Structures are given as structure tokens and as C-alpha cells.
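The exercises below ask the reader to locate residues, judge how accessible they are and follow their contacts. Each task is followed by a solution that goes step by step.

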Amino acid sequence: MTTPISGVIGWPISHSKSPCIHRYWLKKNKIRGEYRSLSIEPENFLRELKSLPSKGFVGANVTIPHKEAALKNATQATNRACSIGAANTLVFLPNGGYHADNTDGEGFINNLKQNAPGWDASIGPAFVIGAGGASRAILYSLLVSGTPEILLANRTKSRAERLATEFGKRITVIDWADISLATAKVTTIINTTSLGMTGQAELEITLQCSPNTLVTDIVYAPLQTDLLKQAADRGCETVDGLGMLLHQAVPGFEAWFGTRPSVDETLRQIVLV
Ligand code: ATR
């Protein structure tokens with residue numbers, strides 16, 4: 001029997017945590033499979049991607065800067081990948097071509113479900129900070145999970161307005177100057193920007209939310225961002241961003257290797273090293 005191979009394609013790729021995640025699951029589940037790191041320049045992406053099935057690949061993850069090209073050239077794509085405008089998980093089809101999905105939003109929701117079990121997307125309005133690629137995936141997943149209303153703020157307001165036009169009436173764009181005020185009006189607060197990450201500026205915000213607000217961050221280095229510390233000081237429940245990274249990897253592993261893996265504490269520790 002041939003050994004199924006998957007991997008992550010990016011440019012550059014050395015920073016990716018995906019090999020660490022999938023190799024842990026292969027070992028833990030005693031699966032004969034491989035997960036490789038593929039550094040491929042944008043101009044070679046499609047050619048190299050097409051050559052992978054003949055080398056034993058059953059699929060691949062794609063990361064920056066290939067996520068949009070991976071969606072555009074897919075034979076089939078999920079609704080969520082099309083709505084988000086980018087793909088991160090590919091499965092090669094038996095007769096050529098590939099199926100494209102975007103699992104970031106599912107990773108976001110499942111991280112909250114695992115780490116804040118009482119939380120539900122439909123319990124009240126959410127406040128999303130940022131309007132980049134991660135924000136698109138999170139907005140999509142909140143809307144399909146039943147969030148009744150979303151306040152959206154972005155430094156560059158026009159990007160937030162574009163997202164609101166695309167994603168519909170449940171999204172209200174607010175001014176960047178009003179981000180502190182907005183926190184008083186919602187039950188879930190999400191930072192989707194890179195602010196607060198090691199080496200980046202802090203997110204300048206003063207939380208005014210009640211203690212039954214859930215606060216989460218997509219930044220996971222550091223694990224406890226200033227936003228999460230401030231939230232915890234107010235008595236709010238907080239969930240760090242590492243779980244989103246781990247949970248977004250679950251559907252790909254299951255599609256390629258046939259076993260749905262679990263996100264456990266050992267995996268968190270391994271990825272943090
Ligand atoms: P990603 O795909 O990871 O979301 P991105 O598309 O580059 O990355 O988006 C980054 C987000 O962080 C954007 O919302 C960006 O705001 P702008 O659209 O105004 O650029 C936000 N961001 C990055 N640096 C920022 C800063 N110094 N202040 C405020 N927002 C910032």
C-alpha cells in the first residue's frame with residue numbers, strides 16, 4: 001500500500017506550524033503517512049501543485065501567498081472558500097484537479113466551542129476588529145453560526161465597508177476611534193488584526209464590556225495578549241488564538257488520512273516550542 005502524503009505550500013514556509021501539527025497527529029494515531037514542507041514561489045505554484053499527485057500527494061495545505069490562487073484554479077470549491085475568497089485546504093481528485101476548502105472559520109468556531117463551552121455564536125452581537133483575510137473567515141463563520149449582529153471596525157474604514165457590502169445587513173461598520181465604546185454593546189469581542197503580536201504595536205483599546213462577554217484574539221504569540229489580560233482583569237472569559245490554528249488543521253487531516261484528530265494539551269505544548 002502506498003503511503004499518503006500531504007504538506008503545506010507557502011513562500012516562505014519555514015515559519016509554518018502545520019508540519020508540527022500534522023506529524024504529531026500521524027504519530028499519535030499510528031498512521032502511515034507523511035506531511036512535508038514545500039517552499040514554492042508564486043510563479044511556480046500551479047505547475048508544482050499539478051505535479052504533486054504523481055508524487056504520492058493526496059492533498060495539501062496552502063498558505064501565504066497562494067491562498068487566493070489555490071481557490072481560483074480549483075476544480076471544485078466549498079461555499080465557504082468562495083465566500084472567504086481564499087482556500088487553505090486542498091484534496092486531489094481521482095480524475096485530476098482538486099477540491100478547495102477554507103477551514104479557518106471552522107477552526108475559529110471550534111476553538112471557542114472547546115475552550116468556552118457555554119459560548120454560542122447566536123447568544124448576542126459580536127464585535128470584530130480588523131478587516132483582513134482572517135476577518136473574512138471569522139465574519140463568515142459567525143454569520144453562518146447565527147450571530148444576530150456584528151459591529152466591524154478597521155483602521156482603514158473602506159476595507160470594513162467593502163466587507164459589510166459583501167457579507168450583508170447584519171454587519172454595521174463603526175469608526176476606528178469608537179472601538180472602546182463598541183465593546184460595551186456586544187457579547188463576543190474578537191481581535192483579527194496583528195496588533196498585540198510580539199514585535200507589533202499594541203491594540204489601543206479600553207474594554208467597557210460586562211463580565212459575561214467572551215473575548216478572543218487570533219494572535220497567539222504571545223498567548224496572553226494585552227487584550228486578553230485586560231479582559232481577564234474585568235472578569236471576562238477569554239480564549240487565546242492558538243486553538244484556532246490547531247482546529248483549522250483538523251478537516252484536512254481527516255480528509256487526507258481518514259481519521260478525525262483531536263486537539264489536546266500535548267499538541268498545544270508542542271506547537272508552542
Ligand atoms: P490577515 O490576512 O492576517 O488578516 P491582512 O489582510 O494584512 O492580514 O490584515 C491585517 C489586519 O490588521 C487589517 O485589518 C489591518 O488594518 P488595515 O486594513 O487598516 O491595514 C490590521 N492592522 C495591521 N496593522 C495595524 C495597525 N498598526 N493599526 C491598526 N490596524 C492594523
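**Exercise 1. Find the element that holds Leu 26, and decide whether Leu 26 is buried or exposed.**

Step 1: Leu 26 is found in helix 1, which covers residues 18–28, where helices (H or I, at least four residues) and strands (E, at least two) are DSSP runs numbered from the N terminus. The model is a predicted one, in which local features need pLDDT of at least 70 and side-chain atom pairs count only at pLDDT 80 or more, while totals for chains, interfaces and linings use all residues. Residues are numbered from 1 along each chain as its sequence is written, and side-chain values use heavy atoms, with hydrogens and water left out.

Step 2: The relative accessible area of Leu 26 is 6%, so this residue is buried; buried means under 20% relative accessible area, exposed over 50% and partly exposed in between, with a 1.4 Å probe and protein chains only.

Step 3: Leu 26 and Gly 133 are 107 residues apart along the chain, and their C-alpha atoms are separated by 29 Å.

**Exercise 2. Describe the place of Asn 61 and name the side chains with which its own side chain makes polar contacts.**

Step 1: Asn 61 belongs to strand 3, residues 59–62, and it counts as buried because its relative accessibility is 6%.

Step 2: The side chain of Asn 61 makes a polar contact of 2.6 Å with the side chain of Tyr 35. A polar contact is a pair of N or O atoms within 3.5 Å; within protein, one must be able to donate a hydrogen and the other to accept it, and residues adjacent in sequence count only if both atoms are side-chain atoms.

Step 3: Another polar contact, of 3.5 Å, joins the side chain of Asn 61 to that of Thr 89.

**Exercise 3. Locate the cis peptide bonds that precede Pro 12 and Pro 222, and examine the phi angle of Lys 30.**

Step 1: Most residues other than glycine have a negative phi, and most peptide bonds are trans.

Step 2: The peptide bond from Trp 11 to Pro 12 is cis, with omega near 0°, and Pro 12 is found in the loop between strand 1 (5–10) and helix 1.

Step 3: Ala 221 and Pro 222 are likewise joined by a cis peptide bond, with omega about 5°, and Pro 222 has its place in the loop between strand 11 (214–217) and helix 9 (226–233).

Step 4: Lys 30, a residue other than glycine, has a positive phi near 50°. Its place is in the loop between helix 1 and strand 2 (34–39), and Lys 30 is exposed because its relative accessible area is 76%.

**Exercise 4. Place Leu 203, Ser 51 and Leu 181 in their elements, and relate them to other residues in space.**

Step 1: Leu 203 is found in the loop between strand 10 (188–191) and strand 11, and with 11% relative accessibility it counts as buried. The C-alpha atoms of Leu 203 and Thr 193, which are 10 residues apart along the chain, are separated by 8.6 Å.

Step 2: Ser 51 is part of helix 2, residues 45–51, and its side chain reaches the backbone oxygen of Glu 48 at 2.7 Å. From Ser 51 to Leu 203 there are 152 residues in sequence and 43 Å in space, C-alpha to C-alpha.

Step 3: Leu 181 lies in helix 8, residues 179–182, and it counts as partly exposed, since its relative accessibility is 48%. The C-alpha atoms of Leu 181 and Asn 110 are separated by 28 Å, with the two residues 71 apart along the chain.

**Exercise 5. Work out which of the residues around the ligand are closest, and how the shell divides by type.**

Step 1: The ligand is surrounded by 13 residues, and the closest are Ala 131, Asn 154, Arg 155, Thr 156 and Arg 159; a residue is near a molecule if one of its heavy atoms lies within 4 Å of it.

Step 2: An oxygen atom of the ligand is 2.6 Å from an N or O atom in the side chain of Asn 154, and an oxygen atom of the ligand is 2.8 Å from such an atom in the side chain of Arg 155.

Step 3: The shell residues divide into four nonpolar, seven polar and two charged, where Ala, Val, Leu, Ile, Met, Phe, Trp, Tyr, Cys and Pro count as nonpolar, Asp, Glu, Lys and Arg as charged, and the others, Gly among them, as polar.
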